[in-house]
Structures are given as C-alpha cells and as structure tokens.
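Student: I am new to this structure and would like a close look at one part of it. Please take the packing of the helices, and then go on to the pockets.

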Amino acid sequence: MKPNYKNWVPKGLLVALAVVTAVVLLFFLALGVLGTGVSDTARGVLAVVLGLASAACLVFLALGTALYRAFDYNGKRQLARAIVEGVAQYVRLPDGGCGLDVGCGSGALTIACAKRNPEGSMTGIDLWGITYASYNKKLCEDNALAEGVGNVRFLQGNAVKLDFPDESFDAVTSNYCYHNIVGVNRQDVLLETLRVLKKGGTFALHDLMSRARYGDMQAFVERLRGMGYQEVQIIDTTQGLFMSPREAKFLFLGGSTLLVGRK
C-alpha cells in the first residue's frame, strides 16, 4: 500500500481541459477549416474565433500539465514533497509533546512532522470542503497507515476559529492553507494559530504571504517580537530554499514565505 497525497492540480481538471480542447479543435477543423455547412464569410469568422479559442485551450492544457508534473509526489520534480519535507524540518516536538498542522489536506505535512518527531504526536485539522473535495479524513488516515505512522490523528476543524484552548500544542505548522480563506484578515488567522501554541513552542507557517494577501508581514514580524515571540524569521522560500524565483512565477507560487520562530 502506497500513500496517496493527491496533486495540488486535480487530475479531473486536466481531463476536463483535455476534453474541452479536443472539442474546440474539432469545431475549428470542421467549421473554420473545412467550412462544413457554413458560408465562406462565416467560415472566415469562425476560423479566427475558433482558432484563437483552440490556441488558448492548448496553452491552458500545457500549463496545467506542467503544473501537475511539477507537483506530482512520484514525478521527477516532486516540488510538493520538497516543500512539505522542508517545512517539517522546522517543527520540533519534545518527548511526549504534541503538534498541530492547520489545513492538513491529504495529511502530507502532518505525517512528515510525525515521522521527524517519533517521540511526540501530531494532530491535523481541515475543513475538507467542496473546494478540495478529493481530500478527506479517511484519505489522511489511509496515508498515515501506508507510511506506518501511528503518532497522528486527524480532525475536522476551522483555521479561523480553532477548537482548542490557549497553549495546547508544542508546535504549530501549516502549508499553503491560509490564502484559501476569503473574507478574513490573514494576519488574524496567523494569530489564531499561534494562540494555541505553548510557551517555548515552535512554529513554521508557510503560505503565499504577498502584501496583497497579507499586508505588511515585516511589520507583523515586529509585532510578534513585541509580544514576546523569539527567533522570529520570515523566509522567502522562492529564493532557492524550495524553488527558484523563475519556477515560483511559472507555478503561480510567488510570495511563498515561511514564518518561523518560537513563542
């Protein structure tokens, strides 16, 4: 049994793109090139319109395929795996300690942290809603079983309002979760995650922390330091840590930032 961490680009989306592209190309050939059942004037218009539509579909299909290959856990690049394992390196649990992974998705980061901290345990939470319908609690549990990891549990939860008391965990982590939450101040969501972190605990929160999404993160770092958080760093992970600037731009991961430190 092998783990199935899914792909950040759903395979169903690629299939749908391929079908749409094939249909548009078929109409382009039938109406725009061969002119089946249409006048010469209409044929010329359809050739331009359907030709442009075909080109756009082919571009989107090629881009989607490239993204899928880059994020494939079993592919050549394995960027998703590299990011998950890279974030997990910052999570440290004391013996008997417990950590929280917010927005665990398919359980990849939760399990990676549990592997690195065998004397502790990890809890992964997620809404597992319609947006990522292929992700669910059972998938996470199956992946943990496939990896032979028993020091994990998975619960349904909301990052905006965590169902845990203050200072419940020795470490908190997250990967590409918060930018999916709309209609909220994302710095407030970060503070909600940090609320459940114990004194002396570590945090590693990775997301698309661009100014447009998060506001001034450097000011937020100073705010945390003023609140007593220590060793707070904000690391641009597109400068070679997880990916290059060019790759980040191509994969729409610009602004990827890791916020790490200790409470």
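**Helix packing and pockets**

Tutor: Helix α1 passes α2 in a left-handed crossing. The model is a predicted one, and what follows is computed from it. The axes of α1, which covers residues 11-33, and α2 come within 8 Å and cross at roughly 160 degrees. An angle over 145 degrees counts as roughly antiparallel, and α1 and α2 are therefore roughly antiparallel to each other. Sorted by class, the residues in the contact of α1 with α2 are 19 nonpolar, six polar and two charged.

A record also has something to say about this part of the chain. UniProt, in an unreviewed entry, places the feature "transmembrane region" at residues 45-68. In the model, the chain over residues 45-68 is 100% helix and 0% strand. The C-alpha atoms at the two ends of residues 45-68 are 34 Å apart.

Another pair of helices can be described in the same terms. Helix α3, residues 79-88, packs with α4 at an angle of about 45 degrees, and their axes are 9 Å apart. That angle is neither under 35 degrees nor within 65 to 115 nor over 145, and α3 and α4 are therefore oblique to each other. The crossing of α3 past α4 is right-handed.

Next come the pockets. The largest pocket holds about 940 Å³ of space. Elements that give two or more residues to its lining are α2 (40-71), β1 (98-102), α4 (108-116) and β2 (121-126). Helices α2 and α4 thus appear here again, α2 as the partner of α1 and α4 as the partner of α3. In total, 38 residues line the largest pocket, and those nearest its centre are Y132, Y176, C177, H179 and N180. By class, the lining of the largest pocket has 25 nonpolar residues, 10 polar ones and three charged ones.

The second largest pocket has about 380 Å³ of space. It is lined by 21 residues, and N4, Y5, K6, N7 and Y68 are the closest to its centre. Of these, Y68 carries the number at which the UniProt "transmembrane region" ends. The lining of the second largest pocket divides into 11 nonpolar, five polar and five charged residues.

To put the helix pairs together: α1 and α2 are roughly antiparallel with a left-handed crossing, whereas α3 and α4 are oblique with a right-handed crossing.

Key. Residues are numbered from 1 along each chain as its sequence is written. This is a predicted model: local features need pLDDT of at least 70, side-chain atom pairs count only at pLDDT 80 or more; totals for chains, interfaces and linings use all residues. Side-chain values use heavy atoms; hydrogens and water are left out. On a 1 Å grid over the protein atoms alone, a cavity is a set of points where a 1.4 Å probe fits but cannot get out, and a pocket is an open set with protein on both sides within 12 Å along at least five of seven lines; lining residues have an atom within 4 Å of a point. Grid points are joined across faces, edges and corners, and a volume is the space filled by probe spheres set on the points. Helices (H or I, at least four residues) and strands (E, at least two) are DSSP runs, numbered from the N terminus. Ala, Val, Leu, Ile, Met, Phe, Trp, Tyr, Cys and Pro count as nonpolar, Asp, Glu, Lys and Arg as charged, and the others, Gly among them, as polar. Axes are lines fitted to C-alpha atoms, for helices over the stretch in contact, and angles run from 0 to 180 degrees between N-to-C directions. A crossing is left-handed if the near helix is turned anticlockwise from the far one by less than a right angle, and right-handed if clockwise. UniProt positions are given in the numbering used here, feature names are shortened, and annotations may be inferred rather than shown by experiment.
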